[in-house]
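Student: I have a new structure open and would like to understand it step by step. Could we go through it together?
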Amino acid sequence: MISKTFRGGIHPYYGKELAASRETEKLPLPDQFFVSLEQHIGAPVKLLVKKGDEVKAGQLIAEAGGFVSANIHAPTSGKVTSTDPVDHVSGRKVPAVTIKADGNDEWVDLEPVDSPESADPKTLLDAIRRAGVVGMGGASFPTHVKLSPPDDKPIDTLILNGAECEPYLTADHRIMVEKPREVLLGALLEARILGASRLFIGVEDNKPDAIKALEDEVEGLQLPENIKEISVVPLETKYPQGSEKQLIKAITDRNVPVKGLPMDVGVVVSNVATCYAVWDAVYNGRPVIERIVTVTGRGVVEPGNYWVRIGTPVSHLIEAAGGYEDDAAKLIIGGPMMGFAQGTDAVPTMKSTNGVLVQTRDEVQGPDFAPCIRCARCVEVCPMNLPPFLLAAAAEAGRYDVLDQDVLFSCVECGSCAYVCPSRRPLVQFIRMGKAYFRGQKKGK
Amino acid sequence: MEILYAVGILSGLGVLAGALLAYASKVFYVKEDPRVEEVDSILPQANCGACGYAGCRDFAKAIVSGEDIVCPVGGPSVAELVAQILGKEAAEVEERVAFVKCAGTHDRAKKRATYHGVKTCAAAHLVGGDKECRYGCLGLGDCAAVCPTDAITISRGVAVIDPEKCIGCELCVQACPVNVIEMVPKSRKMHVVCNSQDPPQVARKVCDVACIACKICTRTDKNFTMEGNVAVFTGSEGGLDTAPFVCPTNAIMDESKYRALEFVLSDAVREAFEQDKAAYKERERAERAKRAAARKAAQQKKAAAQAGGEANPATDKSAAKPSEDGDKKDDSKKSNESNKIDSSPADGDKKAKKEDKAPKAEDTGKEGE
């Protein structure tokens with residue numbers, strides 16, 4: 001078995017053994033939910049409930065504020081106690097709906113799509129839009145938008161992203177092992193909407209059980225007419241294999257142009273958890289109010305995977321995982337490479353929250369860094385073929401004038417450069433400073 | 001002998017080149033307005049670029065060529081001199097300095113997390129900084145780094161600008177990612193040291209010296225207005241001496257009494273301010289008690305006049321007394337009472353009404369005599 005891959009990348013400690021074999025458990029419902037109203041990229045939502053309202057699980061509480069936007073639903077039944085801002089993963093406080101659960105978990109009546117195998121794409125898209133499905137891999141781009149490419153960009157290939165290259169996280173791994181059929185059915189729906197004839201499922205070769213589960217399922221699958229080719233593609237275990245552009249390069253050998261999107265080369269990439277959500281939305285009519293979250297790291301007593309309702313406070317998750325170890329030092333939402341360090345565990349989970357990582361004191365680096373020694377290791381590992389040391393040096397010195405914006409914005413912020421830097425320079429943070437500068441300039445500051 | 005050839009040729013070349021250069025300097029002479037030199041010599045030579053030109057000489061060229069600009073650093077004195085040279089009328093120039101609208105030092109502003117990233121405000125701002133308040137100074141010194149005159153001190157998590165050293169170049173205003181630095185007239189001595197647009201109940205929780213939008217200052221002093229959830233002083237100078245004392249969170253600073261550096265950073269100065277404030281409150285209380293006493297006396301007199309038909313000499317006396325020699329005793333007694341009533345941070349409306357009533361009571365008292 002030859003595993004495909006891309007140029008560059010790193011081999012960090014993966015830490016997947018902590019939670020990979022743990023079967024996903026249902027997390028008991030907390031008393032209070034904080035449903036953030038900023039859970040996707042695009043237009044802000046319109047709030048539909050007010051303080052004192054009674055809501056049921058699956059009830060629409062905030063409506064998409066435009067085409068590029070996504071609905072938000074109540075995670076359980078209960079009473080809306082506040083609509084004040086609460087903590088957000090980004091560190092800001094953003095508007096949210098606080099729901100006090102009544103413990104009954106009553107659902108609204110769900111409206112699944114009739115005979116989804118033959119329903120027309122428009123009906124399917126509408127079901128996905130109503131369910132508020134967004135990219136569950138982390139970017140939270142509304143899925144119904146991704147699945148409606150313009151007419152002049154025909155899509156021939158759909159790639160399922162099951163690489164899960166982010167160290168420690170095992171949420172996607174578990175969904176592939178436990179729900180392979182649902183994931184594939186969701187993918188077939190997406191392929192039909194897009195009119196794609198080829199379907200690839202990219203999985204890193206450190207997850208043989210997931211590859212096997214998917215392959216078994218593919219064999220037993222009744223393929224619709226439009227699918228000409230379907231296969232599970234083992235990928236080399238290397239970070240950032242799950243990055244969209246790298247995945248496309250590895251599987252189809254196509255290069256997404258600078259400032260371009262995968263649809264420019266006829267490809268759409270969809271996360272396996274997103275496919276599951278699509279399946280759930282179409283076959284069951286269930287909105288996205290639940291997802292798998294990995295609680296892991298050496299800082300928690302018992303790492304594991306949980307089905308978590310959106311809006312559950314992270315502290316509740318940690319509690320379920322046996323609480324913090326004594327030397328727990330850093331709480332990260334997401335993985336160690338691209339996650340966000342948190343100042344409080346009161347932050348709620350969101351649709352894009354795939355993991356909660358707690359690192360111990362020994363694992364956390366201090367803030368000190370040294371000057372660049374021009375070793376060019378960052379250039380070697382950069383999956384986008386950029387010179388990170390130059391970009392960072394320019395941003396550090398405030399010389400934004402020498403930065404080429406096309407190059408700067410090509411950076412996917414994967415963190416490979418900062419990982420290999422012998423001077424421990426926070427290269428990604430410098431690059432993000434540069435990006436923030438140009439974004440601010442566009443806004444006119 | 002041969003050496004003479006060499007000397008001859010070289011001297012010849014020298015003379016020729018000299019003549020050429022002399023000729024060129026006449027033919028290709030660029031006429032420069034002599035006023036540029038004059039104006040340039042007046043300018044502060046800070047070469048800070050605040051005017052929008054590369055340096056002071058470029059500014060001089062531009063202004064001589066007729067551009068309608070002013071040197072923000074030089075202020076009115078420079079504008080006056082430049083106007084004299086150019087034979088124009090000097091435009092009104094207001095000298096301005098930068099001011100940091102935050103006094104949330106580490107001990108006063110609540111911390112949200114420990115920030116371990118790159119030690120610049122621009123980087124810290126990406127993750128929201130380490131303070132609960134997201135409008136406050138990040139305290140990592142991007143402003144101090146660009147300040148050409150070292151006017152900015154960073155201590156205990158806030159930047160403080162020395163108005164004496166500030167030349168008003170606005171470089172710090174551009175460098176600040178949270179926009180907590182504002183240009184204010186140099187003559188302005190009263191400032192609200194808070195930038196928080198958080199709703200009052202949030203602001204109160206996250207910082208001890210936050211403006212909590214109680215609006216007391218706007219009612220006591222017309223120079224204060226509300227901009228969203230924060231009060232701002234809008235006058236160019238002046239302001240009541242007592243304005244800082246009415247603020248329940250000490251978010252108003254009077255620079256004519258305290259240097260910004262000390263007011264924000266020194267605990268001793270803060271204590272002195274607290275003492276002044278307490279003294280002011282004490283005085284206020286005494287005054288209010290006095291007015292209350294006068295009013296009470298007037299009311300008594302009125303009641304007595306109504307009851308007895310004709311004026312009763314006994315009640316008349318008691319009514320007149322407090323305004324003469326009984327002041328001190330009365331105050332000390334009454335201050336205890338008013339203490340209870342007024343201990344809540346004076347509702348401005350009530351106070352205003354009292355002030356309206358008090359003089360009337362005194363008037364009627366006098367008439368009675």
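Student: How many Å apart are the mean positions of the positive and negative charges of chain A?

Tutor: Happy to help, and keep in mind that this is a predicted model. Chain A has 49 positive and 58 negative charges. Take the mean position of each group, and the distance between the two is 6 Å.

Student: Which secondary structure elements does chain A have, and how many?

Tutor: Two kinds of element are counted here, helices and strands. For chain A the count comes to 13 helices and 19 strands.

Student: Why is chain A described as being as compact as a globular protein of its length?

Tutor: Start with the globule rule, which gives 22 Å for 445 residues. The radius of gyration of chain A is close to that value, so the chain is as compact as a globular protein of that length. Along its principal axes, the C-alpha trace spans about 60 × 50 × 50 Å. The radius of gyration you compare with the rule is 21 Å.

Student: What percentage of the residues of chain A count as buried?

Tutor: A residue counts as buried when its relative accessible area is under 20%. Chain A has 445 residues to sort in this way. The buried share comes to 56%.

Student: Is Thr274(A) buried or exposed?

Tutor: First find Thr274(A) in helix 7 (residues 272-284) of chain A. Leaving out residues up to four places away in sequence, Thr274(A) touches several others, including Val133(A), Met136(A) and Glu190(A). Its relative accessible area is 2%. Because the cut-off is under 20%, Thr274(A) is buried.

Student: Now for the other chain. What percentage of the contacts in chain B between residues at least 6 apart in sequence join residues at least 24 apart?

Tutor: Chain B is made up of 15 helices and eight strands, and 40% of its 369 residues count as buried. Now take its contacts between residues at least 6 apart in sequence and pick out those joining residues at least 24 apart. Their share is 61%.

Student: Where in chain B is confidence lowest?

Tutor: The mean pLDDT of chain B is 79, with 82% of its residues at 70 or more. Confidence is highest in helix 1 (residues 2-27) of chain B, at 94. Towards the other extreme, pLDDT stays under 50 over residues 315-369 of chain B. The lowest mean, 41, belongs to helix 15 (residues 348-368) of chain B.

Conventions:
Residues are numbered from 1 along each chain as its sequence is written. Chains are lettered from A and ligands numbered from 1 in the order in which they are written. This is a predicted model: local features need pLDDT of at least 70, side-chain atom pairs count only at pLDDT 80 or more; totals for chains, interfaces and linings use all residues. Side-chain values use heavy atoms; hydrogens and water are left out. Helices (H or I, at least four residues) and strands (E, at least two) are DSSP runs, numbered from the N terminus. The radius of gyration is taken over C-alpha atoms; the globule rule is 2.2 Å times the number of residues to the power 0.38. Buried means under 20% relative accessible area, exposed over 50%, partly exposed in between (1.4 Å probe, protein chains only). Lys and Arg count as positive and Asp and Glu as negative; His and the chain ends are not counted. The place of a charge is taken as NZ of Lys, CZ of Arg, CG of Asp or CD of Glu. pLDDT is the predictor's confidence in each residue, from 0 to 100. Contact means heavy atoms within 4.5 Å.
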